[in-house]
Amino acid sequence: MELPDGMLQPGHYRIDAMDIEAQGIARKPDGKVVFIEGALPFEVVSAQIHRSKNSFEKGVVTDIHQESSQRVRPGCVHFGLHTGACGGCKMQHLDASAQVAIKQRVLEDNLWHLGKVKPESMLRPVEGPAWAYRFRARLSVRYVHKKGEVLIGFHERKSRYVADIQSCRVLPKHVSEMLMPLRALIFSMDARETVPQIELACGDDVTALVLRHLEPLSAGDVVKLHDFAALHKVQWWVQIKGPDTVKLLEEDGDELAYDLPDFGIHMPYRPTDFTQVNPYINRVLVARALRLLAVDKTERVIDWFCGLGNFTLPLATQAREVLGVEGAATLVERSEENLRLNQVSRPQDQALAPTQFVARNLFEMTADMLTADGYADKWLIDPPREGAFALVKAMAQLHETPELRQGWRPPKRIVYVSCNPATLARDAGLLVHFAGYRCVSAGVVNMFAHTAHVESMAVFELA
């Protein structure tokens, strides 16, 4: 039976909620907030406080006196609060469905407290596999002289050091099983002290590894990489400086790509191009976004922050005309290549709608630039963590200053896909309070199970 607050023993905390960093939230009798790592809602715990400010304290759970029914045994031995624990995940001790519920609450709280927006309805969360889902990752590499070994993985919890992990359950099984052989490979190389990172990109059929090396590779190291690739069926790319130096170690390798079968779209990409981390969720995400946008053959659509065309090309199977706008010129080139590839491979009666890609700095968007793109019936917005502030600010300016429109009209519906609930809330506030829209629905997309990362989408319609 739950004890009333007055009967809590000294040094005990009752956890009322959980924040986005997966810290339990309690309040002291004087109202001071205490954030406790490792504690879950509805638990009574003891904690070691390591940071104290006037308005809050932070600590780590030491004992659990009343355990939550949603607490589960973590699926990975490297997860926890112990010294050297991997910091890649933050919520493995919480039931997967409860993780989603907390992320949904985070989204609702951000929309209301930051944007003063309350969706008319909440979308059912998009969920997928909780393990072996992470097809994109940057794995840190470090040769540790004192240990006489190479470490490969994510950083330790709250540390710049690389965690000593032998497996990782959120990575695909074949990649997890490759971690120890990778460690042995790098240790055996002449370049073991000048390799800081290996970037992972798994396509539908190809596993690509990008080796970041600070010095030219020796002939012996190149041979070792070739042998490892043949044994483990991976594709090596090498990178000695910036992204423009990334190249295949062995030319004429197999194509790195993923498919969107619901739309008959095939998406080749380079391992350093931005693609979604979770391919299972991405397929559902694209399908739901297009269903919510409800495009038909009479409509023109703009896809803002279009990247490789992950949404643009599926939109081209449904719309009259599509414009994809992206900040990086290299991604625009790749999008155009993917458009040509998919257009020639489709039957004539399933041809893609006329589609154009343009490069533009979307963080410096103005009302004049917006009107120059012409009217579109629907918009899809999928920005990075910084959000789409300049874009929605330009919309608000056009809404409040009709003489600037010059025949331009706002889209009837917008689907906004977000990887940061705080910037989504900020932009939603502008759309609802200054640009003439209502937020008809919103919901979370659990792209990163067991982490504190919140992906979401919201739908806006002209009021």
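**Exercises: helix packing and enclosed space**

Helix 1 passes helix 10 in a right-handed crossing (near helix turned clockwise from the far one by less than a right angle; helices are DSSP runs of H or I, at least four residues, numbered from the N terminus). The model is predicted, so to speak of local features takes pLDDT of at least 70 and side-chain atom pairs 80 or more, while totals for chains, interfaces and linings use all residues. Numbering starts from 1 along each chain, and side-chain values use heavy atoms, without hydrogens or water.

**Exercise 1.** Find the angle at which helix 1 and helix 10 pack, and classify it.

*Solution.* Take helix 1 as residues 96–115 and helix 10 as residues 421–434. Their angle is about 50 degrees, with the axes 8 Å apart (lines fitted to C-alpha atoms over the stretch in contact; angles run 0 to 180 degrees between N-to-C directions). Helix 1 is therefore oblique to helix 10 (neither under 35, over 145 nor 65 to 115 degrees). Next, list the contact (heavy atoms within 4.5 Å). Helix 1 gives Val106, Leu107, Asn110, Leu111, Leu114 and Gly115. Helix 10 gives Pro421, Ala422, Leu424, Ala425, Ala428, Gly429 and His433. Sort by class: 9 nonpolar, 4 polar and no charged residues (Ala, Val, Leu, Ile, Met, Phe, Trp, Tyr, Cys and Pro are nonpolar; Asp, Glu, Lys and Arg charged; the others polar).

**Exercise 2.** Do the same for helix 3 and helix 4.

*Solution.* Helix 3 covers residues 179–188 and helix 4 covers residues 219–232. They pack at about 165 degrees, with axes 11 Å apart. The two are therefore roughly antiparallel. The crossing is right-handed. From helix 3 come Pro181, Leu182, Leu185 and Ser188. From helix 4 come Lys224, Leu225, Phe228 and His232. By class, the contact has 5 nonpolar, 2 polar and 1 charged.

**Exercise 3.** Count the cavities of 30 Å³ or more, then describe the largest and the second largest.

*Solution.* There are 3 (sets of 1 Å grid points, over protein atoms alone, where a 1.4 Å probe fits but cannot get out; lining residues have an atom within 4 Å of a point; points join across faces, edges and corners, and volume is the space filled by probe spheres on them). The largest holds about 130 Å³. Its lining has 16 residues, with Cys86, Cys89, Gln92, Cys168 and Val170 nearest the centre. That lining splits into 9 nonpolar, 5 polar and 2 charged. The second largest holds about 100 Å³. Among the residues lining the second largest cavity are Phe135, Arg136, Tyr258 and Asn282. Here the classes are 6 nonpolar, 4 polar and 2 charged.

Key. On a 1 Å grid over the protein atoms alone, a cavity is a set of points where a 1.4 Å probe fits but cannot get out, and a pocket is an open set with protein on both sides within 12 Å along at least five of seven lines; lining residues have an atom within 4 Å of a point.
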